[in-house]
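Thanks for sharing this one. Here are my notes, set out point by point so that you can follow them with the model open beside you.

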Amino acid sequence: MGYVMTLGRPPLFPVDPDGPRVLRRYCNRRCYDPQKGRYTNGGEILRLAAKDPDLTIIDARTGEDLTNYVLLSALRNVADRVPVRAVRALCGKLGRARRKA
């Protein structure tokens, strides 16, 4: 597993560039996408989750999995502007995550 190069400080946790997509959430509640090299907003996170069921969002400092929390927060903030298909895909992802836990 290698490190993804980013501008500024290196990631605290290694991210496999060929593995499933991982976003890092910082203490300022911003999510960083190392594959694109930029921060993402709630709508983008929901679109990514709808396309990629393996999307994971981790806390940049502790490595804790925050995927469900961030997805639900993003959904609550943009609920009236998100396509129904994206909401269904997100609900399916959250349901699969609950069955695994």
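1. Overall fold. The secondary structure of the chain amounts to three helices and four strands. Going along the sequence, these elements follow the order β-β-β-α-β-α-α. Please keep in mind that this is a predicted model. The chain has 101 residues, and 39% of them are buried.

2. The nonpolar core. Which residues have the most contacts inside the largest nonpolar core? They are Leu23, Ile45, Leu46, Ile57, Val70 and Leu71, in a core of 14 residues. Two helices feed into this core: H1, spanning 42-51, and H2, spanning 67-77, each supply at least two of its residues. As background, nonpolar side chains in soluble globular proteins tend to be buried together.

3. Leu55 and its neighbour in space. Leu55 sits in the loop that runs between H1 and strand S4 (56-59). Is Leu55 buried or exposed? Its relative accessible area is 1%, which is under the 20% cut-off, so Leu55 counts as buried. In sequence, Leu55 and Leu23 are 32 residues apart, while their C-alpha atoms are 7.7 Å apart in space.

4. Ala89 in the third helix. Helix H3 covers residues 84-100, and Ala89 is part of it. With a relative accessible area of 25%, Ala89 falls between the 20% and 50% limits and is therefore partly exposed. Its C-alpha atom is separated by 9.2 Å from that of Leu46, a residue 43 positions away along the chain.

5. Salt bridge between Arg21 and Asp33. The count of salt bridges comes to two. In one of them, the side chains of Arg21 and Asp33 meet at 2.7 Å, N to O. Arg21 belongs to the segment before strand S1 (22-25) and Asp33 to strand S2 (residues 31-33), so this pair ties together parts that are twelve residues apart in sequence. Both Arg21 and Asp33 are buried, which may be worth a look if you plan to go through the charged side chains.

6. Salt bridge between Glu44 and Arg38. Here the N to O distance is 2.9 Å. How do the two partners compare in accessibility? Glu44 is at 17% relative accessibility, so it counts as buried. Arg38 has a relative accessible area of 35% and is partly exposed.

7. Cysteines. How many disulfides does a search of the whole structure find? The answer is zero. For two of the cysteines, the accessibility values are as follows. Cys27 stands at 84% relative accessibility, over the 50% limit, and so counts as exposed. Cys31, by contrast, is buried, with a relative accessible area of 3%.

8. The largest pocket. This pocket holds about 340 Å³ of space. Its lining is made up of 16 residues, and Arg25, Arg29, Ser73, Ala74 and Asn77 lie nearest its centre. H1 and H2 each supply at least two residues of the lining. Which helix gives the most to it? That is H2, with six residues. By residue class, the lining divides into six nonpolar, six polar and four charged residues.

9. Linking the points. H1 and H2 turn up twice in these notes: each supplies at least two residues of the largest nonpolar core, and each also supplies at least two residues of the lining of the largest pocket.

Conventions:
Residues numbered from 1 in each chain as written. Predicted model: local features only at pLDDT ≥ 70, side-chain atom pairs only at ≥ 80, totals over all residues. Heavy atoms only, no water. Core = buried A, V, L, I, M, F, W, Y, C linked by side-chain atoms within 4.5 Å. Buried < 20%, exposed > 50% of the residue type's maximum accessible area, 1.4 Å probe, protein only. Disulfide = S-S within 2.5 Å. Salt bridge = Lys/Arg side-chain N within 4 Å of Asp/Glu carboxyl O. 1 Å grid on protein atoms, 1.4 Å probe; cavity = no way out; pocket = protein on both sides within 12 Å on 5 of 7 lines; lining within 4 Å. Points joined across faces, edges and corners; volume = space filled by probe spheres on them. Nonpolar A, V, L, I, M, F, W, Y, C, P; charged D, E, K, R; others polar.
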